Amino acid sequence: MDDLYSEPRRNGMLDPQNWDRFDELADEVLTKVIERLFDASTGPVWREPPADLIAKLDKPLPGAGQSQREIVGALLELLPYGVGNTHPRFFGWVHGAGSPGNLLAEIAAAGMNANCGGRNHIAIRVERQVIAWMRDLFGFPDTASGLVVSGTSMATIIAAKAARDAAIGASSRTDGVGDQRLVGYVSSEAHSCLDRAFDMLGLGTAALRKIPVNSAFEIDLDALRDQIAEDRAAGLTPFFLGGTAGTVNTAAIDDLKALSAVAQEEALWFHVDGAFGACIQFSDVHKSRLDGIEAADSLAFDFHKWLHVNYDAGCVLIRSEAAHRNSFAKRPDYLASEGLALAGGEPWPVDYGPELSRGFRALKVWAHFIEHGREKLGRSIAFNCELASYLADKVDAHPQLQRMAPVSLNICCFRAIRDDVSEDALDDFNRAIVARLQSEGTAAPSTTRIDGKLVIRVNITNHRTQHVDIDILIDAINDLLAEDQL
Ligand SMILES: *Cc1c(COP(=O)(O)O)cnc(C)c1O
C-alpha cells in the first residue's frame, strides 16, 4: 500500500507534458486577463468581432491537438471581443460587470472540478451556506430551501414547477397537468422568462395572464382582482401570482405587500421575480421598497447582474422545503444516498432542481460575498441609482430629449424628439442613435418600447460607472443630434 501511494506522479493522457511550462503559460494568461480588467474602463465599449477571427473558428474538429502555447494565443485573441459589460459605459439590457476577484474563485473551482448534484463534499456545504445567507437576507424562514442556478430563467422554472405541483399534487409528476385549467398572473411588464416557464411546464403561455400596469408601471391591483374573479367564474383554477421587483423596462417594483395579501386571500402561490431588483436588499437606503418580499413562497434573482458575480449565477429560494423537494426528488437506485461516506451528505441539490451534474457556481458567489461584504455591494447599488437620477436630471433639462418613464432605481428611459417627424420616423431616429453609440463604441444603451414608442434605455448595473460616463453619453448624443442625417 505504502509503495502504491508514494509512487512518483504519473500523468494522465490529458495532463500537460511539462508542468513547469504549463505553470508559466497559466501565469501568462492570468497576467493578460488582469491587464484587461485593469483597463476595463478604457477603449471602446464594444467592438464587432472581426471577420477574420470568426473565419478562423470555422474549421473542422481537429484530429490531433495543438501545443498549449498555441492554445494560449488563441484564447488571448478572443479577449477584446466580449459583449462589453465589463466597461463602465455598457448600459444595455441588464448585465452585471463582474469583478476581478471572481477570477480567483473560478480558478479554484476549475481546479476542483466538483460535480454539485449531490454527495458528501465541501462544495455542497459552500452552496448550502450561500443559500442560508440569502434566506436570512430576504427574511425567509430557516427551513426554506434553495439552489444556486444558472440565472433567474432557471430559477423561475424551478419555482413555477414547485408552485404547479403544490397546486395539483404529486399526480402532476406522473400524470401531467391533464385537464387542470391552471392560470397564473403577472403584470404586462413582467419578464418573458415567466412565459417560458409556463410554456415548459405544459401550462401554456395563455395561462399566464398579463395584468395591466399603472402609471408607475406597477401591477394594477384592481385589474388583478377582476381577472382572478373572472377566471374563477369561468371555471379556471388560479394558482400562481408573480410580482416583479425591478421590471426590465423601467425597474418598477410591484407592491409586494399588497400582492402577498391578494395571494393569501386567494390561496395563490406568491412568486417574486427579483432578477436584479431584489438585490437592493443589500442597500440600507433602498431595501424598504421590497417590503413584502419576505412573505413570498418563492424568489428568483441573479448574482450575476447587480451583484457582479461573474456569469453565470442566479438563485432560487423556496419557502416550503417540502413543496420544493416534492416537486423534484426522485432518484433511481444508482443515485441512492446511502448516508455513508461519499454517498452521504444529504440533502442533495439534485432533489431540488432538474439538473444532476452541476458545476461549483456557488464558490464564486461565496468568495464574492466574503471579499466585498453586504455593505459595499449595497453602496455600489445605491450609487448606480444616484447616477440614474443624475442622468434623468440631464434629460429633463435637455430641450431635445424627453423622459419616458419615472426613474424607479437604476434605469432611465428617454428619447430624442424632433418636431417635424412622424412617430415611426422618431422610432427610427432613436434606433439609429443607439446603433451609432454602440457601433462607435462610445456607450452601449439598448432600446425598448414604452407605451408603444421606441426609447433609449440606459440601465446602470455597473460598479465602474461614474458621473463622467453619464456626461460622455450625453455629449455623444448631442454630437449625433447635431448631425443632419443619422
Ligand atoms: C434578466 C432578467 C430575467 C432573466 O434572468 P437571467 O439571469 O437572464 O436568466 C428575469 N427577470 C428580470 C426582471 C430580469 O431582468
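Which residues have the most contacts inside the largest nonpolar core? In this predicted model, they are M134, F138, L299, F301, F303 and F360, within a core of 100 residues. Helix α7, spanning residues 152-168, supplies the largest share of this core, with 9 residues. A second core lies apart from this one and has 26 residues, among them L391, L437, I474 and I477.

F360 offers a view of the packing inside the largest core. Leaving out residues up to four places away in sequence, F360 touches A109, M112, A114, C116, A123 and V126. The sequence around these contacts also includes G117, which is found in the loop between α5 (101-112) and α6 (122-137). G117 has a relative accessibility of 1% and therefore counts as buried. Its contacts, neighbours within four places in sequence set aside, are W348, P349, V350, L356 and R358. By contrast with these contacts, the C-alpha atom of G117 is separated by 25 Å from that of G202, a residue 85 places away along the chain.

The ligand is the next point to consider. It is surrounded by 13 residues, of which the closest are S153, D273, D302, H304 and K305. By class, the shell consists of 4 nonpolar, 6 polar and 3 charged residues. Several polar atoms of the protein can be placed relative to oxygen atoms of the ligand. T152 contributes a backbone N or O atom that lies 3.1 Å from a ligand oxygen. From the side chain of H304, an N or O atom is 2.9 Å from an oxygen atom of the ligand, and a polar side-chain atom of K305 lies 3.0 Å from a ligand oxygen. The ligand exposes 380 Å² when taken alone, and the protein buries 86% of that area.

D302 links several of these elements. This residue, one of the closest to the ligand, is found in strand β6, which covers residues 298-302. Is D302 buried or exposed? D302 counts as buried because its relative accessibility is 2%, under the 20% limit for that class. The side chain of D302 makes a polar contact of 3.1 Å with the side chain of H304. With residues up to four places away in sequence not counted, D302 touches G151, T152, A275, C279, L307, A313 and G314.

The backbone has some features that deserve attention. Most peptide bonds are trans, and most residues other than glycine have a negative phi. The peptide bond from Y311 to D312, however, is cis, with omega near -10°; D312 is found in the loop between β6 and β7 (314-318). Another cis peptide bond joins E346 and P347, with omega about -5°. P347 has its place in the loop between α12 (321-328) and α13 (361-396).

Two alanines have positive phi values. A251, with phi near 65°, lies in the loop between β4 (237-244) and α11 (256-266). A267, with a positive phi of about 55°, is placed in the loop between α11 and β5 (269-273). Their surroundings can be described through accessibility. A251 counts as buried because its relative accessibility is 0%, whereas A267 counts as exposed because its value is 65%.

Conventions:
Residues are numbered from 1 along each chain as its sequence is written. This is a predicted model: local features need pLDDT of at least 70, side-chain atom pairs count only at pLDDT 80 or more; totals for chains, interfaces and linings use all residues. Side-chain values use heavy atoms; hydrogens and water are left out. A nonpolar core is a set of buried Ala, Val, Leu, Ile, Met, Phe, Trp, Tyr and Cys residues joined through side-chain atoms within 4.5 Å. Buried means under 20% relative accessible area, exposed over 50%, partly exposed in between (1.4 Å probe, protein chains only). Helices (H or I, at least four residues) and strands (E, at least two) are DSSP runs, numbered from the N terminus. Contact means heavy atoms within 4.5 Å. A residue is near a molecule or strand if one of its heavy atoms lies within 4 Å of it. A polar contact is a pair of N or O atoms within 3.5 Å; within protein, one must be able to donate a hydrogen and the other to accept it, and residues adjacent in sequence count only if both atoms are side-chain atoms. Accessible areas come from the Shrake-Rupley method with a 1.4 Å probe; for residues, only the protein chains shown count as cover. Ala, Val, Leu, Ile, Met, Phe, Trp, Tyr, Cys and Pro count as nonpolar, Asp, Glu, Lys and Arg as charged, and the others, Gly among them, as polar.
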